[in-house]
Structure formats: structure tokens, C-alpha cells
Amino acid sequence: MNIQELENNKLQLTNKGNLSLFFIGVGSAFSKKHNQTNLLIIKGEDHLLIDCGTKCRQALYDYGTSLANIKNYLITHSHADHIGSLEEAALMGRYVAKKKPRIVITEAYEHILWDMSLRGGSAFGEETMGQMLTFEAFFEIVRPKYLTLYPRETFEAYIGGINIKMVRTMHIPDKSLSEADSFWSCGVIIDDRILFTGDTRFDFDLIDYYDKEFNFEAIFHDCQLYTGGVHSSIEELNTFPKEIKKKMYLVHYGDNWEDFIEKAKSYGFAGFGRQGVYYNF
């Protein structure tokens, strides 16, 4: 892997065919120093935006592009730092770009995302034969395939040459005992090479099992800098074996992250993830 700086502050949505990850942001939901942790995957002519939070539309503009140019989405869960710009993406597609973007989404999560979040601001803009607009009016749905080989819900889809596996995670509520009794959230395995956990509480089995299956080249893991609540803490992540930590980059962190640089280094992590650069594999 190599890290490539952004040239001329202009984000490119295509490349020469390698797998590239570009973090729109690496901050927590309440970060003021970073954009929110939304991830763009780029491979050849294909791209996929994982999460589209409240800051995402402005961040993309600052990187020299816009939501109207994003063709493919995947949403890990329904907090505002992950869906806050998605209504604009839907409206831009229907009324500006005149082309529906694709979204990789399970049937269960489609209901949650549309009926519990997006419907109120999107469904009532038009009426046809007495019917309001539906989720399908704004997005072309890519329904991932359920994989039966794994111990927790895992789904697979392709966006062009990009293979993704969506793995259920344990994020909210804070008292849930497993991913199965948690509100819907997922992490993403990219081309069987990289794991992006999305938001998750500390879940040793998630990392232990899937890393043994895929031997990830890198893991970009949710990390808060104190223990408690609905995210993994740096102290909890420090309990992973050193061979895991040396390939684990910390993302979704707070604005006091600079106070923890030396601690993260002493614990053996790969480091804090950076926004605005390409991670090329």
C-alpha cells in the first residue's frame, strides 16, 4: 500500500485500475476539525461512496466534485453523520442530473432508511395517480446476495469491478449483546482485501473471524478515544494481537486525536487514518 496526496485539490473518481480508498473524512459525528467518516472506493472506471453524512456534500465540493457526480452508494447505518447528505443526493439525481444513482442495500435496511429517515423529505415532492414517490423513484437498487457461509449476516454485491461484502455489526444500542439484536448496521469488506468496520462497538469476534478468513491487508477501524458508549475505544482495540494492530488504522475519532498519537504508536497500531489522501493497494 502507498499513500498518495490529492493533486490540485481535485478528487478523481477513476484511476488506472488499482484499488484505491479515499476518506472524505475521518472524524467522529461531532468532529469540527475533520469531515465525517465517509469512504470513497475507486477502481478503474468504477467508484462507490460508503456513507454520505451531513458534511459530505460540502466536503465533495471542497474536493472539486459534487454529489451529482457520485453514481453508487452504500450506507452502513442511519446516523446523520452517515446519511445527512443522502436526501440531497436523491433530489440531485432526480431533478438535476436526471439519472438515478445506484444504492447497494438489503431489503431490511431499505425499509429502515426510507420509512424512518428519507421518506418525509422526499416522498411528497410529487404525486402520480394519487401515489407519492417511493425509494425506487430516487435510487436504482442493487440488492446484495445473502451468503450462507458465515457465522453472522453477510451479503455480497459487485459495483463493476469492485466486490463488496457487507457484514452486520454491533453498534447501537449500547446494551445489545450481539449484532443480531442490534439496530441495523454493517461493515464492508472490499475486494476480500480490506475491512472497513463502519461504526461498531468493540467486537473481538468480528475482527478475529473475518481476518482469519481473508487475511486483510489493512483494517480501518472505528475508534473513540475513551471507553464506553457505542463505539470501540483505543484501549479496547489495544487488546487485539500485535499482528492485527500493525495493519489497523484508526478512523471516526475525536478532535483530541493529536493527544493520542504517541499512545497509538506505542500500542502498535498502523496509525490514525487520514482524510483527503488516496490509500492505493
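Tutor: Two strands pair if DSSP finds at least two bridges between them. Helices (H or I, at least four residues) and strands (E, at least two) are DSSP runs, numbered from the N terminus. This is a predicted model, where local features need pLDDT of at least 70, side-chain atom pairs count only at pLDDT 80 or more, and totals for chains, interfaces and linings use all residues. Residues are numbered from 1 along each chain as its sequence is written, and side-chain values use heavy atoms, with hydrogens and water left out.

Student: What is the order of the strands in the open sheet of 8 strands?

Tutor: Pairing in this open sheet is mixed. Strand S1 (2-5) and S9 stand at the edges, each with a single partner strand, so one side of each has no neighbour in the sheet. The order is S1-S18-S2-S3-S4-S5-S6-S9.

Student: Which residue in S4 is the bridge partner of Ile41?

Tutor: Strands S3 (residues 39-43) and S4 (residues 46-50) run antiparallel. They are joined by 5 bridges. For Ile41, the bridge partner in S4 is Leu48.

Student: Which helix gives the most to the largest nonpolar core?

Tutor: A nonpolar core is a set of buried Ala, Val, Leu, Ile, Met, Phe, Trp, Tyr and Cys residues joined through side-chain atoms within 4.5 Å. The largest one has 91 residues, and Tyr73 and Leu113 are among those that touch the most other members. With 5 residues, the helix that gives the most to this core is H4 (residues 107-122).

Student: Where is the kink in H4 centred?

Tutor: H4 has 16 residues, yet its end C-alpha atoms are only 19 Å apart. A straight helix would reach 22 Å at 1.5 Å a residue (the expected span is 1.5 Å times one less than the number of residues). The bend at a residue is the angle between axes fitted to the seven residues ending there and the seven starting there. The kink is about 45°, centred on Trp114.

Student: Is His252 buried or exposed?

Tutor: His252 has a positive phi of about 60° although it is not a glycine. Its loop runs between strand S16 (248-251) and helix H8 (261-267). Buried means under 20% relative accessible area, exposed over 50%, partly exposed in between (1.4 Å probe, protein chains only). At 4% relative accessibility, His252 is buried.

Student: Which residue does a cis peptide bond join to Ile172?

Tutor: Most peptide bonds are trans. Here omega is about -5°. The partner lies in the loop between strand S12 (162-168) and strand S13 (186-190). That residue is Pro173.
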